[in-house]
Amino acid sequence: TQSTWGHSECLFFFASSAPHPMAFASSPVAALTFRHWAAVFLLGLTLASAAVGLLAIGYILDEFKDSDGHELSNFEAALATSAVFFGMIFGGFLSGWLSDKHGRRPATLLSIALCAAFGFLAACVSTAWLLIAARLMAGIGIGGIFPPVMTLASEIVPTEARSLVVNIVSWHWVLGTIFAATVAYLCFGLDLMRNWRYFLCLCSAPAGLATALSFFFLPESPQFLIGAGRFEEADRILFKLTGIGNPELEKSIVNHAGAILESPNPVDDSELKDPEEAQLFGRKLLRTTVGLIIIWFTLSFASYGLTTWIVVIFKKIKLDNPYLSTIAYNAGQIPGALIGAYVIEIVSHRTLLIGLLFASSVIVLLFALTQSFGPYAVVPLACLFSSTTKAAWMTLNCFCVEAFPTSLRSTAMGVTSVSGRIGSIIAQFVNGALADHVYILLVTSSATILVGTFGAVITPKRIGEKDAESPIASVAEGKRNSESTQLLR
């Protein structure tokens, strides 16, 4: 169709918001039903599983021994940590394409199943190279989780609850990192099960649980189904999510959908005739795409680079209990998530992102300057960096969701995040080479994330933050065609 972006959003707004008695309540929470919250929980569990699977390797770099008792060399350790990011490049792109073409649900199920299966297989390997191969395949699943999960989170709820739900799902990443750090502390810090195989099995359990629950209970996106012309399926899922049982409304959705999809679209979508990847670099989206690529690369380099190697860094600067300090480091994301969730609703996403990236760069620099002062200086600064980068990721997630039209959204998030995977891969080798020179390692991360601030500066302020360009906002303000407004009422 000519206007999938505007009108599929419009239809979803009608179907999920118009008939619900609380859809226009002042609080976004009032628009959500129990089934909405159940789906949000599943998406959150899936994202948390990805966090656990991604970070697990960092805790066994000094614990791994193959069947002959050989430990990982520095090069093998860098390959093991970067392998998952190599896989995430392909997983993010393929999952984004699969999500936009065949649905958010199948892309999510395939990704989390890969994450679980190869997570367990990694615990059974006998050599370092088999571990690297298993991590590569798990990375395809981990990278594939993000695009459909964040897209589905934004599309199964009414528009006014979108930012809230995306943030709540993002919070589960924090829980995943804390889970991995806690299991590492129990296994290695307290010597309860000092065996890297048991550790990897425990870290794969959340992904296995998410796979089983999602297979039975995770819904498809009604917005995707409407955009694909599958109106009756969308109607059934909307009924399950909202409890709407108005036959006249259901009939009107199906009857009016075709006409609305064919009606003139005020948004100039002349560039939406090229292949989807080419559209991202078209005239209207070029600066947005390039700016987000820079941000993803630099933020991933700094945050994932330090998070993956944080245990090694803490050991190098001789902290008494590096595993316990790692729990504190990951728990530092909690205040960032809470404060970010509040501030993100009242401050421009672009302005907030610029401030958070710059602050993160300064904090890492202070980390480098004070790393010889002991835990009382190092751990608080590390926690503060974890907090600001978490808030930056939450802001970036919302920014990306609103930056692209529906027909491109999942693909765009997959394509732009590829630069983040590349940044994460490079960080593993850089940090591996600089592991004995912590000061230089931290200064390099600080300089890199400062470049990300520049990327946020050149990215145009999205009108989507105020939804002035959004067809949904136009409907809500009564600026759409009279037939659509009548259906909304």
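**A helical chain, from one alanine outwards**

Ala359 is partly exposed, with a relative accessible area of 28%; buried here means under 20% relative accessible area, exposed means over 50%, and partly exposed covers what lies in between, with a 1.4 Å probe and protein chains only. The structure is a predicted model, in which local features need pLDDT of at least 70 and side-chain atom pairs count only at pLDDT 80 or more, while totals for chains, interfaces and linings use all residues. Residues are numbered from 1 along each chain as its sequence is written, and side-chain values use heavy atoms, with hydrogens and water left out.

Ala359 has its place in helix α15. Helices (H or I, at least four residues) and strands (E, at least two) are taken as DSSP runs, numbered from the N terminus. Across space, the C-alpha atom of Ala359 is 10.0 Å from that of Ala392, although 33 residues separate the two in sequence. Helix α15 itself runs over residues 349-370, and its 22 residues should span 32 Å at 1.5 Å a residue; the C-alpha atoms at its ends are 31 Å apart, which agrees. The expected span is 1.5 Å times one less than the number of residues. Buried residues of α15 include His349, Leu352, Leu353, Leu356, Leu357, Ser360 and Ser361, and further along the helix Ile363, Val364, Phe367, Ala368 and Thr370 are buried too. An α-helix has 3.6 residues a turn, so residues three or four places apart point the same way. The partners against which the buried residues of α15 pack are α12, α14 (333-343), α16 and α18 (438-458), with contact meaning heavy atoms within 4.5 Å.

One of these partners, α12, covers residues 286-316. Its 31 residues should span 45 Å at 1.5 Å a residue, and the separation of 43 Å between its end C-alpha atoms agrees with that. Even so, α12 bends by about 60° at Ile310, where the bend is the angle between axes fitted to the seven residues ending at a residue and the seven starting there. Of the 31 residues of α12, 23 are buried, so this helix is largely enclosed by the rest of the structure. Helix α5 (residues 128-155) can be read in a similar way: 22 of its 28 residues are buried, so α5 is largely enclosed by the rest of the structure. At 1.5 Å a residue α5 should span 40 Å, in agreement with the 41 Å between its end C-alpha atoms.

The loops offer some backbone detail. Most residues other than glycine have a negative phi, and most peptide bonds are trans. Lys318, which follows α12, has a positive phi near 65°. Lys318 lies in the loop between α12 and α13 (322-331) and is exposed, with a relative accessible area of 68%. Asp191 likewise has a positive phi, near 60°; its loop joins α6 (162-189) and α7 (196-217), and at 48% relative accessibility Asp191 is partly exposed. In the loop between α5 and α6 sits Glu160, partly exposed with a relative accessible area of 27%. The C-alpha atoms of Glu160 and Ala30 are separated by 10.0 Å, with their positions 130 residues apart along the chain.

Turning to the interior, the largest nonpolar core holds 132 residues, and Tyr59 and Phe199 touch the most other members. Such a core is a set of buried Ala, Val, Leu, Ile, Met, Phe, Trp, Tyr and Cys residues joined through side-chain atoms within 4.5 Å. Helix α16 (residues 375-403) gives the largest share of this core, 15 residues. Beyond its neighbours within four places in sequence, Tyr59 is in contact with residues including Phe199, Phe188, Val311, Tyr323 and Asn330.

The disulfide count comes to 0, a disulfide being a pair of cysteine sulfur atoms within 2.5 Å. For Cys400, the closest cysteine sulfur is that of Cys398, 9.5 Å away and too far for a bond. Cys400 is buried at 1% relative accessible area, and Cys115 counts as buried at 4%.

For the chain as a whole, there are 20 helices and 0 strands, and 62% of the 489 residues count as buried. Among contacts between residues at least 6 apart in sequence, 83% join residues at least 24 apart. The chain exposes about 18,800 Å², of which carbon and sulfur atoms supply 66%; accessible areas come from the Shrake-Rupley method with a 1.4 Å probe, and for residues only the protein chains shown count as cover.
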